[in-house]
Amino acid sequence: MRGELFVPYFLWDTVAHGLSFLFFLPFRGSSLLPTQTTSVHALARQLLGSAYKDAVLELNASDARGIEVVRNTIKSFAMTQVKLPPGRHKIIILDEADSMTTSAQQALRRTMEVYSNTTRFCLACNVSTKIIEAIQSRAAILRYSRLSHQQILTNLLKVCQAEQVNYTDSGLDAILFTAEGDMRNALNNLQASHTLAKGLSGDKAQQVVDEKIVFQVCDQPHPNVVRDMVNYCHQGELHQANSELEKLWTLGYSASDIIGTLFKVTKAHTDLPEGKKLDYLREIGFTHMRISNGVNSLLQLLGLMGRLCQNNQVN
């Protein structure tokens with residue numbers, strides 16, 4: 001199985017991100033075309049047809065982030081004459097544009113103004129506030145949310161059918177859990193799990209993507225173990241909760257691995273009262289912040305277990 005075969009080629013192949021997808025349907029062109037890189041490539045293929053190869057420039061702004069790139073590479077491409085379909089424009093894609101220096105962004109703003117009749121710009125970034133206001137004011141800003149489990153599952157089933165991948169329902173559920181709403185992660189995890197399954201057995205009928213293989217590939221704490229920790233805390237059983245936590249720690253999982261899975265499991269827990277779930281998520285969030293700041297010892301996680309159990313006694 002090769003996951004790259006299923007990268008969207010045209011816009012209609014993409015898995016829609018709600019209202020963000022609708023923006024492209026009546027597209028007529030603006031000074032900036034901001035979206036995820038795959039989507040804009042798919043759109044460019046539909047708009048430009050055979051001229052796509054010559055009329056699209058993609059740069060990773062984290063590597064080419066200085067003003068010289070804007071003055072040379074980007075400006076030169078904007079000045080280049082390319083034969084295009086009527087009413088179409090060249091497209092410049094800047095991935096990770098929030099890594100560009102302020103001076104480079106200022107130069108880019110000027111280039112956008114001068115060549116607005118021939119060129120459109122797409123800036124993909126993780127933190128939009130790092131883009132200067134002068135560029136933001138010229139942009140139609142789209143924010144991509146995570147895909148729903150149903151959207152990802154629909155695409156995974158198509159891939160499994162096309163590639164003749166054997167799977168179990170629990171295996172697909174595990175992929176959905178580890179993907180965290182990211183289609184690319186889901187396809188990568190499916191591909192890696194299928195490769196491992198083929199390596200474990202020469203019999204094609206036994207090459208099945210199941211829950212065990214997925215978590216072995218993704219190397220995340222098993223959600224069932226983490227769920228047991230949450231249940232023990234809910235019941236006030238501190239020793240049992242600490243015992244499950246220490247097992248995960250002994251297996252080599254880091255504090256970041258454990259706290260991340262603990263947050264996802266608690267958020268999706270259906271048996272916790274809503275008020276208690278919010279209290280648990282608040283405590284987990286504070287602990288996650290401390291771990292991110294470098295206090296990532298086992299003692300930090302044991303303290304969290306104690307506070308969750310204490311919260312149960314208070315309530």
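In the predicted model, the sulfur of Cys233 lies 4.0 Å from the closest cysteine sulfur, that of Cys309, which is too far for a bond. A disulfide would require the two sulfur atoms to be within 2.5 Å, and the structure as a whole holds zero disulfides. Cys233 is nevertheless enclosed by the protein: its relative accessibility is 0%, and it therefore counts as buried. Cys218 also counts as buried, because its relative accessibility is 17% and the limit for burial is 20%.

The chain in which these cysteines are found comprises 315 residues, of which 43% count as buried. Its secondary structure amounts to 15 helices and five strands. Contacts between residues distant in sequence are well represented: among those joining residues at least 6 apart, 72% link residues at least 24 apart.

Cys233 is one of the buried residues of helix H11, together with Pro223, Val226, Met229 and Val230. Viewed down the axis of H11, the buried residues fall within an arc of 115 degrees, and so they line one face of the helix. The length of H11, which covers residues 223-235, was compared with expectation: at 1.5 Å a residue, its 13 residues should span 18 Å, and the end C-alpha atoms are indeed 18 Å apart. After H11 comes Gly236, with a positive phi near 80 degrees.

Helix H12, formed by residues 238-250, likewise has 13 residues, and the distance from its first C-alpha to its last is 18 Å, close to the 18 Å expected at 1.5 Å a residue. The buried residues of H12 are Ala241, Asn242, Glu244, Leu245 and Leu248. These residues cover an arc of only 160 degrees around the axis, which places them on the same side of H12. On the other side of the helix, His239 and Thr250 are exposed. Just after H12, Gly252 adopts a positive phi of about 100 degrees.

Two pairs of packed helices were examined. The first consists of H11 and helix H13, the latter covering residues 255-268; their axes are 9 Å apart and meet at an angle of about 70 degrees. The two helices are therefore roughly perpendicular to each other, since angles from 65 to 115 degrees are classed in this way. H11 contributes Pro223, Val226, Arg227 and Val230 to the contact, and H13 contributes Thr261, Leu262, Val265 and Thr266. Of these, Pro223, Val226 and Val230 are also among the buried residues of H11.

Leu262, located in helix H13, illustrates this packing at the level of a single residue. Its relative accessibility is 2%, so Leu262 counts as buried. Apart from residues up to four places away in sequence, Leu262 touches Val226, Val230, Ile284, Leu304 and Met305. The C-alpha atom of Leu262 is separated by 8.9 Å from that of Pro221, although the two residues are 41 residues apart along the chain.

The second pair consists of helix H8, residues 169-179, and helix H10, residues 211-218, whose axes come within 7 Å and cross at roughly 25 degrees. This angle makes H8 roughly parallel to H10, because the class extends to angles under 35 degrees. On the H8 side the contact is made by Ser170, Gly171, Ala174, Ile175, Phe177 and Thr178, and on the H10 side by Glu211, Val214, Phe215 and Cys218. The buried Cys218 is thus one of the residues through which H10 meets H8.

Within H8, Ile175 is buried, as its relative accessible area is 0%. When residues up to four places away in sequence are not counted, Ile175 touches Leu156, Ala186, Leu190, Val209 and Val214. Val214 is one of the H10 residues in the contact with H8. In addition, Ile175 and Asn189, which are 14 residues apart in sequence, have C-alpha atoms 6.6 Å apart in space.

Burial is also found outside the helices. Ser128 is placed in the loop between strand S3 (119-124) and helix H6 (133-136). With a relative accessibility of 15%, Ser128 counts as buried. Beyond its neighbours within four places in sequence, Ser128 is in contact with Gln136 and Arg143.

Key. Residues are numbered from 1 along each chain as its sequence is written. This is a predicted model: local features need pLDDT of at least 70, side-chain atom pairs count only at pLDDT 80 or more; totals for chains, interfaces and linings use all residues. Side-chain values use heavy atoms; hydrogens and water are left out. Helices (H or I, at least four residues) and strands (E, at least two) are DSSP runs, numbered from the N terminus. The expected span of a helix is 1.5 Å times one less than its number of residues. Buried means under 20% relative accessible area, exposed over 50%, partly exposed in between (1.4 Å probe, protein chains only). The arc is that of the directions from the helix axis to the C-beta atoms. Axes are lines fitted to C-alpha atoms, for helices over the stretch in contact, and angles run from 0 to 180 degrees between N-to-C directions. Angles under 35 degrees count as roughly parallel, over 145 as roughly antiparallel, 65 to 115 as roughly perpendicular and the rest as oblique. Contact means heavy atoms within 4.5 Å.
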